[in-house]
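Work through the exercises below with the coordinates open. Each task is followed by a solution in steps.

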Amino acid sequence: MTAERKKGKLRGEEYDLHSQLKELIPEQQERLKKLKSEYGKVQLGNITVDMVLGGMRGMTGLLWETSLLDPDEGIRFRGMSIPECQKVLPAAKPGGEPLPEGLLWLLLTGKVPTKEQVGALSKELRDRASVPDYVFKAIDALPVTAHPMTQFATGVMALQVQSEFQKAYEKGIHKSKYWEPTYEDSLSLIARVPIVASYIYRRIYKDGKVIPMNDSLDYGGNFSHMLGFDSPEMQELMRLYVTIHSDHEGGNVSAHAGHLVASALSDPYLSFAAALNGLAGPLHGLANQEVLLWIKSVVEECGENITTEQLKDYVWKTLNSGKVVPGFGHGVLRKTDPRYTCQREFALKHLPDDPLFQLVSKLYEVVPPVKNPWPNVDAHSGVLLNYYGLTEARYYTVLFGVSRSIGICSQLIWDRALGLPLERPKSVTMELLENHCKKVPLN
Ligand SMILES: CC(C)(COP(=O)(O)OP(=O)(O)OC[C@H]1O[C@@H](n2cnc3c(N)ncnc32)[C@H](O)[C@@H]1OP(=O)(O)O)[C@@H](O)C(=O)NCCC(=O)NCCS
């Protein structure tokens, strides 16, 4: 090999995510092996009856490398907070919002990518972004009135026909190689979901007039473009949106559902479809739809210039009718979600006078009288999208889903690289709990 070619190859590898991962995997496998052999028997806490009855809250039981959630500080992606990511991840323009491709690189490698590495990954995703016709036909078989998340999960299931992992498994792949077709599927899935998602949007709301991808745009910019929004501000919003919604450690419903299904060696498409079905629940991802509908119902009933007292009354009305105040509370977080804060900062910069933004700000001051009255990510996203013309709230969870593909698939590649086992927690009956508790004295 000539020095020139060698240099070119090395440079190619430096920009290639797959090569970078291949280098990292052996050391992380060793790390896990050591953890298991040296500390396998160390206790991590006690399981109480409350935890079993309370949806496993506070029970540590999953390995999730890509991000970690602190109840007070919020999410950190590979150790980095959202403001830190905004500072160091490459952007489309100076001082702009982070490119989601950069976050994907960070989640997968634990390293902040250079602009060139992100450029190469952007291109790789564009090159992989082709969707077979039968996927659109599968979606078209559903009534146009079907919920956008139902259409999205259907599209992802139809994409599964192309799974490289499934083909490799059928042929008889060695388990040490599982991560390779998982990587192929994951990157292709991440590349393809914006096309499927924008097809659904155009199908439902824009008479089926599909907009093709623009080869000069990045992942977030292109997604916004294919949906039909070409303003530079909306493209920036989409980059921020896709970045911050991507990952929220492993125990949330969508991440956990994806991880659980993947633990049966189901391929990334099957696993991600499971994640989407969890995301479609109103206590999880569907909350972003519910927030905008709730805010619009407030305006309809009380007008845009609602007083604090009126807003308080409306919150009570919602609670008294046995409903949740969407966008508030969280299974883990006990402070304002930093994903809310960065969207608020975006609004203060770009749409400070928007009446719905002001209503969201007022709601923050009113503080719903619930046990954990802090706003989460969903409390803010709808008013931003609505401002730029993406007003169809029923569609919002699909945007969340596109973003989640990045986090869930990144971890899934590591699940396979680390050889994580089938998940199989123990369940018990009430009778077993009663009998057990009679024998164990309360402290
Ligand atoms: C996310 C959510 C399901 C977490 O619930 P949780 O893990 O049970 O949280 P907590 O332990 O703080 O809840 C304690 C109680 O307050 C209630 N609560 C929490 N947030 C609430 C809200 N926004 N509106 C009304 N009640 C709420 C819970 O339902 C629970 O009631 P219960 O004791 O009668 O079962 C809950 O906060 C919620 O329903 N929020 C609204 C939906 C939403 O925004 N989801 C997106 C989350 S990112």
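## Exercise 1: a strand and its partner

Task: sort the residues of strand β1 (residues 67–70) into a covered and an uncovered face.

Solution. The model is a predicted one. Ser-67 and Leu-69 make up the covered face of β1, while Leu-68 and Asp-70 lie on the uncovered face. This fits the general pattern, in which side chains of a regular strand alternate between the two faces of the sheet.

Task: state how β1 and strand β2 (residues 74–77) are joined.

Solution. Step one: count the bridges, of which there are four, and note that the strands run antiparallel. Step two: find the residue opposite Asp-70, which is Gly-74 in β2. Step three: look at the connection; three residues lie between β1 and β2, and the two strands form a hairpin.

## Exercise 2: helix α12

Task: compare the reach of helix α12 (residues 232–244) with the expected value, then describe its burial.

Solution. Step one: α12 has 13 residues, and at 1.5 Å a residue 18 Å is expected. From first C-alpha to last, the helix reaches 19 Å, close to that value. Step two: eleven of the 13 residues are buried, so by the cut-off of under 20% relative accessible area the helix is mostly covered. Among the buried residues are Gln-235, Glu-236 and Arg-239.

Task: is Arg-239 of α12 buried or exposed, and what does its side chain pair with?

Solution. Step one: the relative accessible area of Arg-239 is 5%, so Arg-239 is buried. Step two: its side chain and that of Asp-218 are joined by a polar contact of 2.8 Å. Step three: list what Arg-239 touches beyond four places in sequence; the set includes Ala-92, Glu-97, Pro-98, Leu-217 and Asp-218.

## Exercise 3: Leu-32

Task: classify Leu-32 by burial and find its contacts distant in sequence.

Solution. Step one: Leu-32 sits in helix α2 (residues 17–39). Step two: its relative accessible area is 15%, and therefore Leu-32 is buried. Step three: outside four places in sequence, Leu-32 is in contact with Leu-63, Leu-418 and Leu-420. Leu-418 is 386 residues away along the chain, yet the C-alpha atoms of the pair are separated by 7.4 Å.

## Exercise 4: the largest nonpolar core

Task: how many residues does the largest nonpolar core have, and which helix gives the most to it?

Solution. Step one: the core has 108 residues, with Phe-152 and Trp-294 among those with the most contacts inside it. Step two: helix α10 (residues 179–205) gives the most, with 13 residues. Step three: domain 1 (1–34 + 56–282 + 401–443) and domain 2 (287–393) each supply at least three residues.

How values were computed: Residues are numbered from 1 along each chain as its sequence is written. This is a predicted model: local features need pLDDT of at least 70, side-chain atom pairs count only at pLDDT 80 or more; totals for chains, interfaces and linings use all residues. Side-chain values use heavy atoms; hydrogens and water are left out. A nonpolar core is a set of buried Ala, Val, Leu, Ile, Met, Phe, Trp, Tyr and Cys residues joined through side-chain atoms within 4.5 Å. Buried means under 20% relative accessible area, exposed over 50%, partly exposed in between (1.4 Å probe, protein chains only). Domain bounds come from an automatic or database domain assignment. Two strands pair if DSSP finds at least two bridges between them. The expected span of a helix is 1.5 Å times one less than its number of residues. Contact means heavy atoms within 4.5 Å. A polar contact is a pair of N or O atoms within 3.5 Å; within protein, one must be able to donate a hydrogen and the other to accept it, and residues adjacent in sequence count only if both atoms are side-chain atoms.
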